[in-house]
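Please look through the structure shown here, beginning at the surface and then turning to the interior and the aromatic side chains.

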Amino acid sequence: PATSANVRPAAPINLRPSPSTNPLKMQPCDPSSAFFGFMGVTSAIVFANLGAAYGTAKSGVGISSMGVMRPDMVMRSIIPVVMAGVLGIYGLITAVIINGKMEAATYSAYSGYAHLAAGLTVGMSSLAAGLAIGIVGDAGVRANAQQPRLFVGMILILIFAEALGLYGLIVGLVVASTAEGKGKNLCSSYA
């Protein structure tokens with residue numbers, strides 16, 4: 001018969017799961033996440049340079065055509081080419097910043113997707129701005145050669161076209177910089 005003298009007290013229940021069964025344990029970072037980050041770097045510089053190249057080429061054709069009849073206005077008509085060149089700098093800045101935020105062993109999928117989005121935002125915005133600058137620059141310098149009072153209007157249109165690329169740069173930098181804080185400690189180092 002069981003008496004109170006030979007009954008042992010129950011062992012305390014351990015409510016903490018062992019590390020091997022912990023469902024909240026961080027998984028190792030996926031090495032392929034860096035692919036998306038590098039695609040963001042590539043997208044930023046390639047698309048921005050496409051926009052800059054198109055804007056420069058299209059405006060340059062207009063300047064060359066206009067310069068045959070009015071060579072004195074060539075230097076004044078270089079403004080669209082300069083504004084198109086700035087678009088390439090937007091892509092360069094974004095690509096360097098994204099590349100600087102990438103760490104191989106602790107790079108999460110969130111950071112990769114955010115950096116891809118940032119690169120595409122800047123690249124595509126700069127491409128659109130380059131298309132607008134090229135078309136306006138070509139028609140604008142030709143029209144300015146015939147009617148000099150159109151100069152201020154042409155510059156205003158070019159400024160608003162350039163602003164499209166600047167909007168993309170601002171959003172891209174915000175996305176890339178906030179991804180660093182939000183994307184940390186989502187996974188453990190795979191190295």
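**From surface patch to core and aromatic cluster**

In this predicted model, a nonpolar patch on the surface is formed by L164, L166, Y167, I170 and V174, which together have about 460 Å² of accessible area. Of these residues, Y167 is found in helix α4, which covers residues 151-182.

Turning to the interior, the largest nonpolar core has 16 residues, and those with the most contacts inside it are L87, Y90, I133, M154, I155 and L158. The elements that contribute two or more residues to this core are α1 (33-69), α2 (79-100), α3 (109-146) and α4, with α4 supplying the largest share, six residues. When residues up to four places away in sequence are not counted, M154 touches V136, G140 and V141. A second core, separate and made up of eight residues, includes A34, A95, I98 and A118.

The aromatic side chains come next, and a search of the whole structure finds two aromatic pairs. The ring centres of F35 and F36 lie 5.4 Å apart with the planes at 75°, and because an angle over 60 degrees counts as edge-to-face, the pair is assigned to that class. The rings of F36 and Y113 have their centres 4.9 Å apart and their planes at 65°, so this pair is edge-to-face as well; it links distant parts of the chain, with F36 in helix α1 and Y113 in helix α3, 77 residues apart. F36 is partly exposed, with a relative accessible area of 28%, and Y113, at 48% relative accessibility, also counts as partly exposed. F35, F36 and Y113 form one aromatic cluster.

Key. Residues numbered from 1 in each chain as written. Predicted model: local features only at pLDDT ≥ 70, side-chain atom pairs only at ≥ 80, totals over all residues. Heavy atoms only, no water. Patch = residues over 30% accessible without salt bridge, like charges linked within 9 Å, V, L, I, M, F, W, Y side chains within 5 Å. Areas by Shrake-Rupley, 256 points an atom, 1.4 Å probe, with all protein chains shown as cover. Salt bridge = Lys/Arg side-chain N within 4 Å of Asp/Glu carboxyl O. Helix = DSSP H or I, 4+ residues; strand = E, 2+ residues; numbered from the N terminus. Core = buried A, V, L, I, M, F, W, Y, C linked by side-chain atoms within 4.5 Å. Buried < 20%, exposed > 50% of the residue type's maximum accessible area, 1.4 Å probe, protein only. Contact = heavy atoms within 4.5 Å. Phe/Tyr/Trp six-rings, centres within 6.5 Å; stacked < 30°, edge-to-face > 60°.
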